Amino acid sequence: MPAHVLDGNLYATQIKSEVGEEVRHMVEAGVRPGLAAVLVGENPASQTYVRSKVRACEQLGIFSELITPPESSTTEELIAVVEGLNQRDDIDGILVQLPLPANVDSKAVLLAVDPAKDVDGFHPVNVGNLSTQRPGLVPCTPAGCMEILRRANIPIEGQEAVIVGRSDIVGKPLAMLLTNANATVTICHSRTKDLPAVCRRGDILVAAIGRPGFITTEFVKPGATILDVGINHISDPADFERFFKGDEKREKQFAEKGSTIIGDCDPRVVRIAGAVTPVPGGVGKLTIAMLMSNTVKAARLRRGQSLAPAAEAQPAKPKSTKAKNNAE
Ligand code: NDP
């Protein structure tokens with residue numbers, strides 16, 4: 001039986017609706033959460049991403065402001081922009097759209113973001129908060145992965161989770177989230193020996209690699225849940241044939257556009273897995289929803305309010321510690 005498809009669109013809609021409800025309550029209480037997006041230069045892909053984020057804010061009643069410094073901006077100028085936003089009370093979240101121009105020290109700019117407004121969750125303070133299970137802001141894509149697992153009622157506690165990819169924005173924070181939720185986590189990377197065998201241990205297998213169709217059926221434990229984080233464009237007809245031959249919908253799309261999007265998993269993994277996130281329509285759909293959720297969370301945390309349950313799936317409490325786990 002083919003794997004159950006985990007519908008990212010559905011979960012993203014649910015999360016946005018819950019966040020919108022929360023925003024309404026906050027506005028009634030006199031607080032409108034606000035997000036500032038800093039978009040440097042004219043990168044078309046970045047412009048598209050930021051536009052979607054601003055649109056999502058508008059839909060949910062979150063105040064948004066787009067700041068567009070020129071491509072020629074220096075590191076110091078961008079730090080000054082961020083510091084200005086740090087000071088503003090109407091801004092709860094600051095998003096610096098990456099990549100920044102090559103001449104800019106991206107790490108220095110991200111480090112300037114007030115951790116309390118760091119809705120991307122990249123600041124070392126928030127990385128530390130996550131790893132020590134303190135309240136903080138968690139990177140959006142890993143947070144979205146956790147939402148999918150929880151909303152689909154996929155068991156996490158006690159399960160073997162294998163993550164392929166150790167980036168600071170996906171692999172590592174997701175490993176921490178899954179550990180905090182009591183999974184037994186293995187992180188793999190380009191130097192991992194016998195990767196297929198390690199992956200086959202995974203009741204939950206996460207592919208965050210950036211290589212089209214890399215995870216094939218031989219990597220998959222029968223019945224496993226697969227979260228495919230990868231977003232890759234393929235335009236070579238030979239690659240297309242290899243992955244999508246016989247898929248009429250894709251063939252039509254490829255004929256029209258000359259390219260298609262594929263994740264890090266070979267589509268045939270559905271024959272072995274129990275549940276999979278599709279690409280497109282899977283993990284990627286939750287990233288903006290989680291950014292909205294983080295903005296509301298930042299607005300609450302900054303005001304010393306507790307986190308509302310609606311937009312906050314509660315992680316499993318570790319049995320071995322009394323520490324409150326509300327780090328996500
Ligand atoms: P990075 O390039 O930062 O990291 C890739 C990771 O994959 C590295 O840890 C690397 O290992 C590992 N890797 C590469 N090749 C292999 C291999 N042959 N075997 C095992 N491991 C390998 O990528 P990101 O984490 O930023 O992104 C991963 C994917 O997720 C991309 O496709 C990206 O587009 C997508 N993405 C999707 C998002 C969404 O919203 N859905 C958001 C962010 C990313 P090593 O460390 O040893 O080099």
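**Figure 1. An open sheet of 3 strands in the order E3-E2-E4, with parallel pairing.** Strand E3 (63-67) and strand E4 (93-96) form the edges; each has a single partner strand, so one side of each lacks a neighbour in the sheet. On average, and with direction ignored, neighbouring strands of this sheet are turned by 15° against each other. The structure shown in this and the following views is a predicted model. Strand E2 (residues 34-38) pairs with E3 in the parallel sense over 5 bridges. Within this pairing, Ala36 stands opposite Glu65 in E3.

**Figure 2. Helices H2 and H3 on the sheet of E2, E3 and E4.** Helix H2 (residues 44-60) lies across E2, E3 and E4 and runs at about 155° to E3. An angle over 145 degrees counts as roughly antiparallel, so H2 is roughly antiparallel to E3. Helix H3 (residues 75-87) also lies across E2, E3 and E4, running at about 165° to E4. By the same cut-off, H3 is therefore roughly antiparallel to E4.

**Figure 3. Surroundings of Ile91 in the loop between H3 and E4.** Ile91 has a relative accessibility of 0% and therefore counts as buried. Setting aside residues up to four places away in sequence, Ile91 touches Gly34, Leu35, Ala36, Phe63, Leu85, Lys117 and Arg302. Among these contacts, Ala36 is the residue that stands opposite Glu65 in the pairing of E2 with E3. Ile91 and Glu65 are themselves separated by 26 residues in sequence and by 8.7 Å in space, from C-alpha to C-alpha.

**Figure 4. Packing of helix H1 (residues 8-28) with helix H11 (residues 283-302).** The two helices pack at an angle of about 20°, with their axes 9 Å apart. H1 and H11 are therefore roughly parallel to each other, and H1 passes H11 in a left-handed crossing. On the H1 side, the contact is made by Gly8, Asn9, Tyr11, Ala12, Ile15, Lys16, Val19, Glu22, Val23 and Met26. These residues meet Lys285, Leu286, Ala289, Met290, Met292, Ser293, Val296, Ala299 and Arg300 in H11. The residues of this contact comprise 12 nonpolar, 3 polar and 4 charged.

**Figure 5. Strand E5 (residues 160-164) and its pairing with strand E6 (residues 184-188).** Of the 5 residues of E5, 4 are buried, so this strand is largely enclosed by the rest of the structure. E5 and E6 pair in the parallel sense over 5 bridges. In this pairing, Ala161 stands opposite Val185 in E6.

**Figure 6. Two loop residues with positive phi, Asn182 and Asp194.** Asn182 lies in the loop between helix H7 (171-180) and E6. Although Asn182 is not a glycine, its phi is positive, at about 75°. Asp194 is located in the loop between E6 and helix H8 (195-199). Asp194 likewise is not a glycine, yet has a positive phi of about 45°. With a relative accessible area of 53%, Asp194 is exposed.

**Figure 7. Cis peptide bonds preceding Pro99 and Pro280.** Leu98 and Pro99 are joined by a cis peptide bond with omega of about 5°. Pro99 is found in the loop between E4 and helix H4 (106-112). A cis peptide bond also joins Val279 and Pro280, with omega of about 0°. Pro280 is placed in the loop between strand E11 (275-276) and H11.

Note on methods:
Residues are numbered from 1 along each chain as its sequence is written. This is a predicted model: local features need pLDDT of at least 70, side-chain atom pairs count only at pLDDT 80 or more; totals for chains, interfaces and linings use all residues. Side-chain values use heavy atoms; hydrogens and water are left out. Axes are lines fitted to C-alpha atoms, for helices over the stretch in contact, and angles run from 0 to 180 degrees between N-to-C directions. Angles under 35 degrees count as roughly parallel, over 145 as roughly antiparallel, 65 to 115 as roughly perpendicular and the rest as oblique. A crossing is left-handed if the near helix is turned anticlockwise from the far one by less than a right angle, and right-handed if clockwise. Contact means heavy atoms within 4.5 Å. Ala, Val, Leu, Ile, Met, Phe, Trp, Tyr, Cys and Pro count as nonpolar, Asp, Glu, Lys and Arg as charged, and the others, Gly among them, as polar. Two strands pair if DSSP finds at least two bridges between them. Buried means under 20% relative accessible area, exposed over 50%, partly exposed in between (1.4 Å probe, protein chains only).
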